[in-house]
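Here's a quick tour of a two-chain model, written for someone who likes cut-offs spelled out. Have the viewer open and follow along.

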Amino acid sequence: MSYTELQVTTNFSFLNGASHPEEMVEQAAFYGYASIAITDKNSFAGIVRGHVAAKAKGIRLIPACCLDLLDGISLLAYPTNRDAYTKLSALLTVGNLRTEKGKCDLYKTDVYRHAEGSKFIVVSPSALNSEFEFEPYFEKTLKEYKSVFESNLYIAASRRYQGDDSKYLHRLSQLSKQLQIPLVATNDVHYHESGRRQLQDILTCIREKCTIHNAGFRLHPNAERYLKTKEEMLRLFRQYPDAILRTQEISESCQFSLLELKYEYPEELTTEDRTPQQELEFLAWQGAKEKYADCLPEKIVTAIRHELRFVEEMNYANYFLTVHDIVRFARKQNILCQGRGSAANSTVCYCLGITSVDPTKFDLLFERFISSARNEPPDIDVDFEHERREEVIQYIYEKYGRDRAAIVATVTQERQKGAIRDVGKAMGLSVDTINRLSSSVWNYTDEWFEGKQIAEQGLNPNDKLLRKVLQLTEQLMGFPRQLGQHTGGFVITQGKLSDLCPIMNARMENRTCIEWNKDDIDALGFLKIDVLALGMLTCIRKAFDLAKKHYDLNLTLANIPQDDTAVYEMICHADTIGVFQIESRAQQSMLPRLKPRTFYDLVIEVAIVRPGPIQGDMVHPYLKRRNGEEPVEYPSKALEEILKRTLGVPLFQEQAMKIAIVAAGFTPAEADELRRSMATFKAKGMVTHFEQKLIGGMMKNGYAKEYAQRVFKQLEGFGSYGFPESHAASFALLVYVSSWIKCYYPDVFACALLNSMPMGFYQPAQIVIDAKKHTVEVRPVDVNYSFWDNLLEEKSGKYCALRLGFRQVKGLREDDMNDLLSGRKKAYTGIHELLDAGLSKAVLEKLADADAFRSIGLDRRSALWEVSATADKPIGFFAGQKTAEEKAVLPQMTIAEHVVHDYAATSLSLKAHPVSFVREKLELLRIVPASQFEVIQEGSIVKVAGLVLVRQRPGTAKGVCFITIEDETGVANLVVFEKLFDKYRKEILQARLLMVEGKLQREGEVIHVIVRCCYDLSKLLRHLTASKNENLPLLTLSRSDEKVSPVPSYPGHNKIKEAPKVIQEEIFPKGRNFK
Amino acid sequence: MKISRRWSCILKKENVKPVDMHRRFVTIWFRHLKTDWISIRRPAFAKLPFVLTLSVHGKMVITSANALAEKQGINIGMALADARAIIPSLEYLDDKPEPSGKLLQSIAEYCIRFSPAVAVDPPDGLILEVTGCAHLWGGETDYLTLMINRFKGMGYDVRAAMADTIGAAWAISRFGQSQFVIESGQQKFALLHLPPASLRIDREVVELLHKLGLTQINDFIGIPLSVLRRRFGESLIKQLNQALGNEEEFILPVQLPATFEERLSCLEPIVNIAGIEIALRRLLEILCARLKMEDKGLRSASFKCYRVDGKIEQISIGTNRASHSIVHLFKLFELKLGTIEPALGIELFILEAAKVEEAPPVQEKLWKGTCGIENIKFLELMDRIAGKIGTANIHRYLPDEHYWPERSIKSASSVKEKSNTEWKTDKLRPIQLLSTPQHIEVTAPVPDYPPMNFRYKNKLHKIKKADGPERIEQEWWIQEGEHRDYYAVEDEDGNRYWLFRSGHYTGDKRNQWFIHGFFA
C-alpha cells in the first residue's frame, strides 16, 4: 500500500510553513514517495519551485492549494486536469483582486462556481468538544459541501497526538459513514523534518507578534507536523486503511502537471496576415533599409539573415515583436528608450529600433549572448525615462488587458538583518541586544553563525540563547516573506493570464502582478519583458528637447555623431561630472589611465569598475596590457577566443562563465546554476561545492591554481553585482550620448540634469559650478524670471544662460508656483501683488529665503521683513491700502551671510563659494587651494581644506575611504587608509569643512592626497555671519562687568535647537556617503 | 509638612494681590537631567559617552546625550546610527518617557528646603519663587551658589540664575555668560545681549528673527510693539513683557504627598497589655478615620512602641486587600501583641501605614452571592490565618499558558493576581499532580501503544482501559530534551493514573516510564 501526502503547508504560506517547497519535495523523494501535493493557503506561489524540484528528483508534484474561506471550513483543492487548474487559478484571482495586497478573500459560493473538475478535502476541526463530539456546525457544512461537490469530496483525518486521537478518528469515521464522504489520511505537514519545529514556533511568534515566552497555546503542542515516512503513516492509520487508499485514489485522478501550461504569445502583433516570423522579417528588413539607406553593408545583411534564421529555429519571433510593439509605442509618445540584455544587442534589434547601439561599430556575435544549447529564453530589458515609464506600463495593460498582462512577482526573502531582528524579537531579546547582533553583521559568513563576530559587540558567543538565535536565524534566512512586484518584468499572454497563474493586486495603485517570480516563469518557459526606468534617459530626453528649442537640433540616440574625438578627449580628462555611469570618483580616476578612444573602450570602462573585475584582481593586469607594459598572452589556446577582446583578461560576466565551461568543464546549465547560486545566499552549500569543482576542474586542465582562484573570486563578485557585456554595451551608448551633450552643449546638459534631479553622484551645487567652469552663465532664482523647471535664456557668450528654477528652492511646491506663474501677467512690482496671486505667507517666506525678490528691488532680508507683515493684509473695503508703519532699520547682510542663506534655501550659491570667505584664515594656516595641486611637486606634504562632497568606502577597497572635498578653486581627492579612518572617524564623518594634511600623489592626470591627519574646521563657517557686537547701540550697559566673546557660544544652544546662526555649518550639505 | 502648609497660605494671599515689593525667582536648569540621573545610579556610566534613544518610525533617535557624548558632537535629534558612526563605542539605553516627570517632581520636592514655592518646568528645569528667602541663607549669591553646589555634589550638571522675573532668570540660566544673580530692576540690561531663543518663544519665531538679522534682544527691543506684534505674534510681546517684569507670571508649586502616621505619647509609661491595646485602638481609630475620609486603605502597617529605656518594640501586619476596618486591623495586631515586651514602660506609640492603596467604597449588594477572593470576609480570614501560620504557607495556583504539565500552573503572588488565561478544560488532567514524576516499571507494546500494566510502589496494576498517547514536546526555549507521551489509564480497581514515557521507545534505554498524577 502506498501513501501520498496531500496536505503540505510550505513557507509560501507566509509565517506558517517552516520548510521550502524544494525541501518538502526532496524529503518526499528521499522517503520514496511517488507523488506529493503542495497546498499553500490561498496561493499557488510555491508550486513551481516544488514542481522543478520534483522533476529533478523524478517524482510527481500535485499542484494544489488550501482554500481558507471567510464563511466556511477550509478546503484543500486538487485540480484533476488543466481546465480545473484554470478554474482554481481564476478563483484565487477573484479572491486576490477583491482585496488588498497580500490577502485573499474567498467565500463558499466562489468555490462552488469554480469547483468543476477538482477534488476537495475538508479540513477537520482541530478538536472535539467536551462531549467528545464535533460541533454541529461542522456536520452542517459537510452536508452542504457534499450536496455541491458530491463524489469529489473527502474528509481529512490526521493523527494529532493529542491524547484522544482514537476517539477523534472514530467520530470522523462515523461522520464519514453517515454522510457518505470518504475519509482520507493526511498529516497536515508544516515542515519537512521534525527539527524545524523550533523555527515553526518562531514563525508563529512573528505572525502573532508575540515572543516565544508569551506565545502560550498559539504554538503547536508537539513536533508531529513533519513529513512522515509511508510506513509510519500506514501504522498510524492501521485501523483505517481505506483512508490511506484514498490518497492514492486522489493522487491518481490528479494527473495535471504544470508542464501542461502552454505559454502562448499574444497574436495581435502581426499585420496583413503575416505569420510572426514573416512579420519580424518584414520589419527587420524595413528597419535595415531605413537605417542604412540603400547601401546595406554586406556584413549587416549576413548578420540579419543569420539572426532571423536563429530566431525562427528557436521560435522567438513573437517575443521580438512584443518588445518592438512596446518600443514603437514609446517612440510615438516621444519617450526615450534603450534596450539591453542578451538579445538586445543584435542587428535585428538595431533594425527594429530596440537598441541604438550600431552593430557595425561593435563586433557582436548573436550567439555570444544566446546559446541554443542552454535553451534559455532571450532576455531583453528596455530602459525608459524614469518619469514616464508609467505611461508605458499603462499602455501594456491597456493594449493587452489586465487579464492578459501582469507584472512578475518578486519574492521578498528574509535577509540576515531582518531575520536576526525577527528571531531576536520572537526569542524575547532586548532591542539593545538585537541592535548589537544585527550591527555585528557585515557579511554573511559562516564565522558569523559560529558567533565569532558577535564577541566584538560585547556579547557572549557561548551564551546558549544567543547561539540558538543564530542557529534559527540561519534557518530563517532565505525564507520568502512576502510577494512584491518586480521592478518591471511583464508577462503577456494570448489567452487569459489567470488561466496560467493567479493574479493579485500590487501595493501600487493600478498595478496587478502574478504570484510567480522570474525563476518560476523561466522554469515554465514563459517569456517576460523588463520595462525598466532609467533616470539618465529622462535627462537625455530633456536635453534633446532643449537642444531642439535653443539650437534647433533634432537629436536622437541614434543620430548623435559617433566617434567624436573631442568627446573622447573630454572623457580622457575625466571631465565627466554628471555623465552617465562614469562620473563616480572611482570611474574618474580610471578614465585618464584607461584613456577610452573608441566605443568599445567605453564598454570596458563601464564594466571594469565593478565588484567582479576588482575582486578577481583583473583591473591592473588589463591596464598594464593596454598600456603595453605587459605582453598580451592567454592562459591557454582554448581561452584565446573568449578573451581576445579584452587582451586576455576576463572582465565580463559572460567571459568568466565561459571560462568555467571551457576551462573547468562545466556544462552550460551548470555554469548558469553557478551564477544563480552566487546571487542568492540560499544555496550556501552550493557555493563551496562549485568552488571546489571550478578550481579543481581548471587545475586538472592545466591552469594555475592562483588563476583559477581569481576567476572564482571574480564570479563571486559578479554574484553580488552581475554586469554582463550585453548590458555594458547598452550603457556605453548612454555614456557616449551624455558625454557628447556635455561636451558640445554644457548649458543644455546642466539644465537637463538639474531638471532630472535627484540622480547621480553630485549635488546641484557641483553641477552649477561645473557648468560655470564651462563658461555657462548661471542666473539666480527670481520671482519675475524663473519657472518651475530650470531653463535656458538667451545666449550669453558661447552658450545660453541657465536660469535656475523654483524646483531648486527647498520646500516650494509646484502647484504654488503655478499660481505664481499664472499671476505673472506682467512683471511683479511688489510683494502684495504676489499675495494677491494667491500665494501664502509661508510660500513667500520661502521665496524670500531664496533671495528671489531681487528684480523688485528687495534683498532677502528686506523681502522677509515685508513678507512677515503680510498676515494682517487689509481686506474688503481697505484692500490695496498701504499700512502706515514706522520704518525699522534692519542690519545689512554681508555677502558671506547671503551665501550662507543661499545654501540654506537652495543648497548652492551663485554669489561666491563659501570657502572663499575663510581663505585668508586658511592661508594663515598655510592651506593651499586645490587648484595649486597641478604645480606642486609630487610627494610634497600639502594642506588643503574644503566642503565635503562625497565620502565613499567601497566594500572592495579594504576599508579605504575616498573623500572628495571642494574649495572655491576646485576639488581635491583624498585617500584615507583604514587605520587613519578609525583614528579620525569623527572628523571625517562630522566635518562640513574638512582640512587634511597629506602627501600629494600624482598618477598621470589623477592627483590624490594620501591623508595623514584630518581636522574639522566647520567652526570657521560659523564666522561667515558677521558678529554685531562691535557696534552695539547706546542702550548697552557698561561692559566692564561682562565678558562678551565675539562669537557667543551659549550653553543653551546645544539643547534648544534654534537659529540658523549657530547651527549654520549644518546648512552646508553633509556630503553623501556611498558604500 | 506642616511648615509647607503654612507657607502656602502666605503664598496664596500674595497671589491674590501682588504686593508692591520685588519678587525674586530662581530658575535651575539641569543640562543633562536624565543622563546625570543614570550616571548617579550606575557609576560605570559616569565615565562613558552615552545617549538615550527612542524609536521614531523605526529609526533610533537620540533624545538625551550625556556631557561626554555631547562634547564629541553628539546632539539630540541625531539618528543613533549616525552617532555610532562617530563614536563606535557609544553606549545607548532606552529612553523611557515616564521617569523624567517623576524625577523632576522628586527634585522639586527636595528643593522645598530652599523655598516653599517650587514649580517644575518641564522637561528639565525648576522654578523657585524665593522672595524673602535669600537672607536666611546668607545673601543672594551665597544662596544661589549653595543650591548649585548641592546639585553638583549629587552629580547633576546644573546652571541657575536669580532675577526679578521668571523670564529673566530663565534666560540667564540658559544663555547667561557670567553674572547669574541679576540685581533687582536690572533684568532689562541683562537680557539685551541674549539671543531671542532665551525668551521661551517658538522656534519658528526665533528663526524668523535670526533671518532678519535680529539676533539679540537688543536688536528689536526698540522696535514699536505694534510692529513686532504684527510680524511675530502676541507670544513674543507677552514673553518679553514677562521677562522684563511688565506683566505678572505665576507658578504652580508642587505639594508634598501626605504620610499616614499617627503618634500617641503617654504621660506615664505604659507597662501592661491593656494599656497597649488601648493605645493601639486609639491610634487605629484616628488613622482609619483619616484613611476612610480619603477613600484609602492600608496594605501593611507597623506599630512601634518606644520604651523608656530607649529600645523600640515593633509589630507589623499585612493585608490582602486595602482595609480601614478598625476591627479587622485590630484583630491582626492582636495576634502579635503578645510579643511586645513593655519592660520598664512605653512612653510613645507610633502607628505607621507603610503601604496605602486606594480603597473606593464598595457598593452594598442586596444578596451576598460572591465567594472566593471577592468576598471580604474570606479575605479577612486569610489575613488572620496568614498572621498565624505565615503567608509563605498559603498557596494559590493559577493557570499558565504552557503545554508542559509542570509549568501549566503557577503559584500566585497575591490574591489580587489575575490569570491572563482560562483554566484549560479540553484535555483530561489529574486532580493531583506529582511535583516530580516518579519512575515506574511498565510493560507496553512498542512503539507508542498504551501500557498493559505497571508497577508502582511495589504494587502491580493491571491496566483495563487507556487513552493516549498525548504527545507533549519540550518547551525548547526553556529546556531541551525528550518529549513525553502521556497516557490516562485505569487499573482493575477502577483507579485512574496519569503515566508517561519519556522520549520515543528505545530498546536499550530503561526507566523511560513515569507516573505523574492521579485522577479522581
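## Ground rules

Helices (H or I, at least four residues) and strands (E, at least two) are DSSP runs, numbered from the N terminus. With that in hand, A:Glu1003 can be placed in strand S20 of chain A, residues 993–1003.

This is a predicted model, so local features need pLDDT of at least 70 and side-chain atom pairs count only at pLDDT 80 or more, while totals for chains, interfaces and linings use all residues. Residues are numbered from 1 along each chain as its sequence is written, chains are lettered from A and ligands numbered from 1 in the order in which they are written, and side-chain values use heavy atoms, with hydrogens and water left out.

## Chain A in bulk

Chain A comes to 45 helices and 22 strands. Of its 1075 residues, 58% are buried, where buried means under 20% relative accessible area, exposed over 50%, and partly exposed in between (1.4 Å probe, protein chains only). Contact here means heavy atoms within 4.5 Å. Take the contacts in chain A with a separation of 6 or more: 72% of them are between residues 24 or more positions apart.

Back to A:Glu1003: at 39% relative accessibility, this residue counts as partly exposed. Its C-alpha is separated by 39 Å from that of A:Asn701, and the two are 302 residues apart along the chain.

## Helix H3 of chain A

H3(A) covers residues 82–97, which is 16 residues. From first C-alpha to last it reaches 22 Å, close to the 22 Å expected at 1.5 Å a residue; the expected span is 1.5 Å times one less than the number of residues. Its buried residues include A:Tyr85, A:Leu88, A:Leu91, A:Leu92 and A:Asn96. As a reminder, an α-helix has 3.6 residues a turn, so residues three or four places apart point the same way.

At the start of H3(A), look for A:Asn81: a side-chain oxygen of this residue reaches to within 3.2 Å of the backbone nitrogen of A:Asp83.

## Two helix crossings

Axes are lines fitted to C-alpha atoms, for helices over the stretch in contact, and angles run from 0 to 180 degrees between N-to-C directions. Angles under 35 degrees count as roughly parallel, over 145 as roughly antiparallel, 65 to 115 as roughly perpendicular and the rest as oblique. Within chain A, the axes of H22 (residues 565–572) and H32 (residues 725–744) come within 9 Å and cross at roughly 95°, so H22(A) and H32(A) are roughly perpendicular to each other. Among the residues making this contact are A:Tyr568 and A:Met570 of H22(A), with A:Tyr736 and A:Trp740 of H32(A). By class, the contact has 9 nonpolar, 1 polar and 1 charged residues. Ala, Val, Leu, Ile, Met, Phe, Trp, Tyr, Cys and Pro count as nonpolar, Asp, Glu, Lys and Arg as charged, and the others, Gly among them, as polar.

The other crossing goes between chains. The axes of H38 of chain A (residues 860–868) and H9 of chain B (residues 203–211) come within 9 Å and cross at roughly 140°, which makes H38(A) oblique to H9(B). On the chain A side you'll find A:Arg861, A:Leu864 and A:Ser868, meeting B:Leu208, B:His210 and B:Lys211. The class tally for this contact is 2 nonpolar, 2 polar and 2 charged residues.

## Two buried side chains to click on

A:Lys468 is found in helix H19 of chain A, residues 464–476. Buried or exposed? A:Lys468 is buried, with a relative accessible area of 11%. Its side chain makes a polar contact with the side chain of A:Gln198 at 2.9 Å; a polar contact is a pair of N or O atoms within 3.5 Å, where within protein one must be able to donate a hydrogen and the other to accept it, and residues adjacent in sequence count only if both atoms are side-chain atoms. Not counting residues up to four places away in sequence, A:Lys468 touches A:Gln198, A:Met427, B:Trp476 and B:Glu480.

A:Gln277 is in helix H10 of chain A (residues 276–292) and counts as buried at 11% relative accessibility. Leaving aside neighbours within four places in sequence, A:Gln277 is in contact with A:Leu308, A:Val311, A:Glu312 and A:Ala317.

## Backbone oddities

A cis peptide bond joins B:Pro122 and B:Pro123, with omega about 5°. Another cis peptide bond joins B:Val446 and B:Pro447, with omega about 0°.

A:Asp851 has a positive phi near 60° without being a glycine, and at 4% relative accessibility this residue counts as buried.
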